[in-house]
Amino acid sequence: MPTHSSTDEVTVLTGSYTPDSGGNGAGIAALGLAPGTGRLAHDTGVPPVPVNGASFLAAHPSLDVVYSTNESDPGTVSALVRHRDGRLSPLGAPLSSGGANPCHLTVHPGGGWLLAANYGSDTSPGSVAAHRLDADGRLVELTDVAVHEGSGPVAGRQEGSHAHQVLVDPAGRFVLATDLGADAVFTYRLDTPGGTLERVAVNRLRPGSGPRHLAFAPGGGLVFSADELSSTVTCHWYDAGTGTLTGVSSVPATAVQDATNQPGGIVASPCGRFVWVTNRGADTVAAFHVTGTALEPIGETSAGGTWPRGLTYADGHLLVANQHSGTLVALRVLGDGALRQAGPALPVPSVVCALVL
């Protein structure tokens with residue numbers, strides 16, 4: 001994660017649903033976060049970029065290039081270059097995401113590949129796609145699409161596969177993809193010369209859990225899942241040699257009893273002692289202490305808006321993207337892992353994610 005001095009303003013990009021994708025947001029907007037106070041403000045010198053369905057953003061590890069999903073059916077992904085003055089402009093044309101409704105992206109640590117998770121649709125299964133990048137970070141070609149199979153017991157949500165996240169494990173050896181519809185985490189090996197995805201494992205999780213996102217603890221031995229359909233958070237052992245997960249403990253994502261709840265984003269602290277998760281329905285961010293392989297609830301804090309989806313760590317704060325209220329909120333991380341709202345909510349219509357640069 002980026003580090004900054006206590007006086008440097010942290011640059012944050014937000015992704016929002018646009019009118020063409022069912023929202024009223026601008027696409028990609030630039031903000032500033034003051035680390036000392038947690039105050040958020042729009043960067044009025046950087047105009048928003050109207051990217052359709054910018055539901056997730058990812059940064060190149062060594063270039064001033066940002067990638068965005070274009071959540072639609074069929075889906076595409078876009079590359080944008082960030083100029084010295086902070087402005088963003090398209091870097092080449094969008095490419096097919098290889099499926100429907102791309103909802104998550106990650107750049108391979110070597111910088112040569114963009115990986116996309118396609119949620120799918122009623123007629124298109126979930127999938128994971130690999131895209132070749134050139135030396136400037138430009139999208140060159142779609143090189144492979146790995147289609148997921150499977151279903152689950154939750155009617156209306158698990159008739160078919162729905163990939164929701166794709167990430168590279170801390171060792172850089174395997175690519176993991178959560179699938180909410182199949183109750184599974186698919187493990188792949190990316191062939192970096194050719195850009196093909198070789199499936200090496202299918203990790204079957206609890207039926208009806210609906211794994212949405214994963215967060216690795218430092219060191220990579222533990223990985224935590226936000227389980228959207230069972231409203232739980234699960235701790236798994238991770239075998240870095242085989243790319244397999246073994247669930248060892250699970251806790252409710254919220255203590256709010258009268259809410260139909262769907263966990264969204266999940267973050268593990270840089271120190272490894274805490275895990276935080278957004279709760280859509282309860283409209284909270286829950287904090288947990290990691291004790292061995294158990295998660296112990298610390299407490300819940302108001303998300304500062306409704307339907308908190310994205311959760312991003314930023315210099316001692318958590319940025320919460322409240323989709324339905326259209327607000328971005330900074331929560332200060334206290335020494336015991338608890339959270340406290342650091343400043344007023346910033347209006348960002350239909351915001352769903354934040355990227356710290």
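This dialogue goes through several features of a predicted model.

Q: What is the mean pLDDT of the chain, and where is the pLDDT below 50?
A: Where pLDDT is low, predicted coordinates should not be read in detail. Here the chain has a mean pLDDT of 96, with 98% of its residues at 70 or more. The stretch below 50 covers residues 1-6, which make 14 contacts in the model beyond near neighbours in sequence.

Q: In what order do strands 9, 10, 11 and 12 lie in their sheet, and is the pairing parallel or antiparallel?
A: Strands of a sheet pair through backbone hydrogen bonds, in either a parallel or an antiparallel way. In this case the four strands make an open sheet in the order 9-10-11-12, with antiparallel pairing. Strand 9 (102-107) and strand 12 (139-147) are the edges, each pairing on one side only. On average, neighbouring strands of the sheet are turned by 20° against each other, direction ignored.

Q: How many bridges join strand 10 to strand 11, and which residue is the partner of alanine 117?
A: Strand 10 (residues 113-118) and strand 11 (residues 127-133) are joined by six bridges. Alanine 117 has valine 128 of strand 11 as its bridge partner.

Q: Why is strand 17 described as largely enclosed?
A: A residue counts as buried when its relative accessible area is under 20%. Strand 17 (residues 211-216) has six of its six residues buried, so the rest of the structure largely encloses it.

Q: What do strand 17 and strand 18 form, and which residue in the turn has a positive phi?
A: The two strands form a hairpin with five residues between them, and glycine 219 in the turn has a positive phi of about 95°. Strand 17 pairs with strand 18 (residues 222-227) over five bridges in the antiparallel sense. Within this pair, phenylalanine 224 of strand 18 stands opposite alanine 215.

Q: Which side chain of opposite charge is nearest to arginine 309, and how many Å away is it?
A: Arginine 309 belongs to strand 25 (residues 308-314). The nearest such side chain is that of glutamate 71, 4.2 Å away; arginine 309 is buried and has no salt bridge. The cut-off for a salt bridge is 4 Å. Beyond four places in sequence, the contacts of arginine 309 include Glu71, Arg212, Arg280 and Gln323.

Q: Is serine 350 buried or exposed, and where is its place?
A: Serine 350 lies in the loop between strand 29 (346-347) and strand 30 (351-356). Its relative accessibility is 11%, so serine 350 counts as buried. Asparagine 24 is 326 residues from serine 350 in sequence, yet their C-alpha atoms are 5.9 Å apart. Among the contacts of serine 350 beyond four places in sequence are Gly23, Asn24, Gly25 and Gln323.

Technical notes:
Residues numbered from 1 in each chain as written. Predicted model: local features only at pLDDT ≥ 70, side-chain atom pairs only at ≥ 80, totals over all residues. Heavy atoms only, no water. Pairing = 2+ DSSP bridges. Axes fitted to C-alpha atoms, helices over the stretch in contact; angles between N-to-C directions. Buried < 20%, exposed > 50% of the residue type's maximum accessible area, 1.4 Å probe, protein only. Lys, Arg positive; Asp, Glu negative; His and termini not counted. Contact = heavy atoms within 4.5 Å. pLDDT = per-residue confidence, 0-100.
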